[in-house]
Amino acid sequence: MKYPTYYFNKNFKNVAVKLSGGTDSSLLYYKICKFYKGTNTNIFPITLVSDKKPFYRDSTTRITLIVKGLTGVSPTQHIFVEGPHSEYEQLLNNAVLNFHKQNRLDIVYTGITINPPLEKLSKSLMRWNYEKYDSMEYNTESVSIVNGTTDLLCNNPFSECNKKAVANEYAKLDLMESLFPFTISCADYTDETYTTLDEHQHCENNCFPCMERYWAFRRFV
């Protein structure tokens, strides 16, 4: 199993993290708060609230509050931007770069795992077409620069890990009951069906993120 490669530096003054409230970014945000606790480092989670994911504002706010309870650390400022979900990655990257221009970030953290071995996913859960995911590109860089901006680093500690490595981190850090149940992975609903966080349920087997979540954690909540 590949292990995460975190790139932390207590000399950093301003760090950002792309926070969606899923298992990966929530774990990463927790690790950032734990490492930079007691330093002069400013922590800025950046969240995109889209037309298909309007609950990201509530779900990520909940994550920051839970992590505060676990670490005693609050974000310096939680940045929310809005836009269409079809442009999710571009808008989120633009938000990071725009914030960097104003606040001179040292690094931005992003949590993206590689796909699990598709043949290992339970066929009883796999309703989607295998070929659709065989062609997906994997992110293989741990530390890089952001869009040619040489003074802004990007660390994706899970770039060579699949979701089981993330699940292992949750277990090792004793976060399986305190943080994991409050993360949201489901991609099967939109603003038309979503009501409140308290009423949220994972679809369990209608979307790829849910199948991946169960494969790694053996549970949804």
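How many residues does helix H3 have, and how far does helix H3 reach from its first C-alpha to its last? Okay, let's start there. Helix H3, residues 88-103, has 16 residues and spans 22 Å between those two C-alphas, close to the 22 Å expected at 1.5 Å a residue. On the inside of things, H3 has Tyr 88, Leu 92, Ala 95, Val 96, Leu 97, Phe 99 and His 100 as its buried residues. Then, just after the helix, Arg 104 takes a positive phi of about 50°.

I should say right away that this is a predicted model. The mean pLDDT of the protein chain is 84, with 81% of the residues at 70 or more. The stretch to watch is 123-141, where the pLDDT is below 50. In the model that stretch still has 33 contacts beyond near neighbours in sequence, so to speak on paper, and I'll leave it at that.

Now the overall layout. We have six helices and six strands, and if you walk from the N terminus the order is β-α-β-α-β-α-β-α-β-β-α-α. The chain has 221 residues, and 50% of them count as buried. Accessible surface comes to about 11100 Å², with 46% of that belonging to carbon and sulfur atoms. And if you take the contacts with a separation of 6 or more, 76% of them are between residues 24 or more positions apart.

On to the packing. The largest nonpolar core has 32 residues, and the ones touching the most other members are Ile 32, Tyr 109 and Tyr 170. Who contributes? At least two residues each come from strand S1 (14-18), helix H1 (23-36), helix H2 (56-71), strand S4 (107-109), helix H5 (163-172) and helix H6 (208-217). H1 gives the largest share, seven residues. There's also a second, separate core of 19 residues, and among its members are Val 108, Leu 152, Cys 154 and Leu 197.

Let me zoom in on Tyr 170 for a second. Skipping anything within four places in sequence, Tyr 170 is in contact with Gly 22, Thr 23, Ser 26 and Leu 27 on one stretch of sequence, and also with Leu 175, Met 176, Leu 179, Phe 180, Thr 183 and Phe 217.

Next, cysteines. How many disulfides does a search of the whole structure find? Zero. Cys 186 is buried, at 2% relative accessibility, and Cys 207 is buried too, with a relative accessible area of 1%. So why no bond for Cys 186? Because the closest cysteine sulfur, the one in Cys 203, is 3.6 Å away, which is too far. Cys 207 tells a matching story: its closest cysteine sulfur is also in Cys 203, at 3.6 Å, again too far for a bond. The cut-off behind that reasoning is a sulfur pair within 2.5 Å.

Last stop, Ile 112. Where is Ile 112 found? In the loop between S4 and helix H4 (130-134). Ile 112 counts as partly exposed, at 36% relative accessibility. Not counting residues up to four places away in sequence, Ile 112 touches Asp 24, Asn 156, Phe 158 and Ser 159. One more distance while we're here: Lys 163 is 51 residues from Ile 112 along the chain, and their C-alpha atoms are separated by 9.2 Å.

That's my tour, thanks.

How values were computed
Residues numbered from 1 in each chain as written. Predicted model: local features only at pLDDT ≥ 70, side-chain atom pairs only at ≥ 80, totals over all residues. Heavy atoms only, no water. Helix = DSSP H or I, 4+ residues; strand = E, 2+ residues; numbered from the N terminus. Buried < 20%, exposed > 50% of the residue type's maximum accessible area, 1.4 Å probe, protein only. Contact = heavy atoms within 4.5 Å. Areas by Shrake-Rupley, 256 points an atom, 1.4 Å probe, with all protein chains shown as cover. Core = buried A, V, L, I, M, F, W, Y, C linked by side-chain atoms within 4.5 Å. Expected span 1.5 Å × (residues − 1). pLDDT = per-residue confidence, 0-100.
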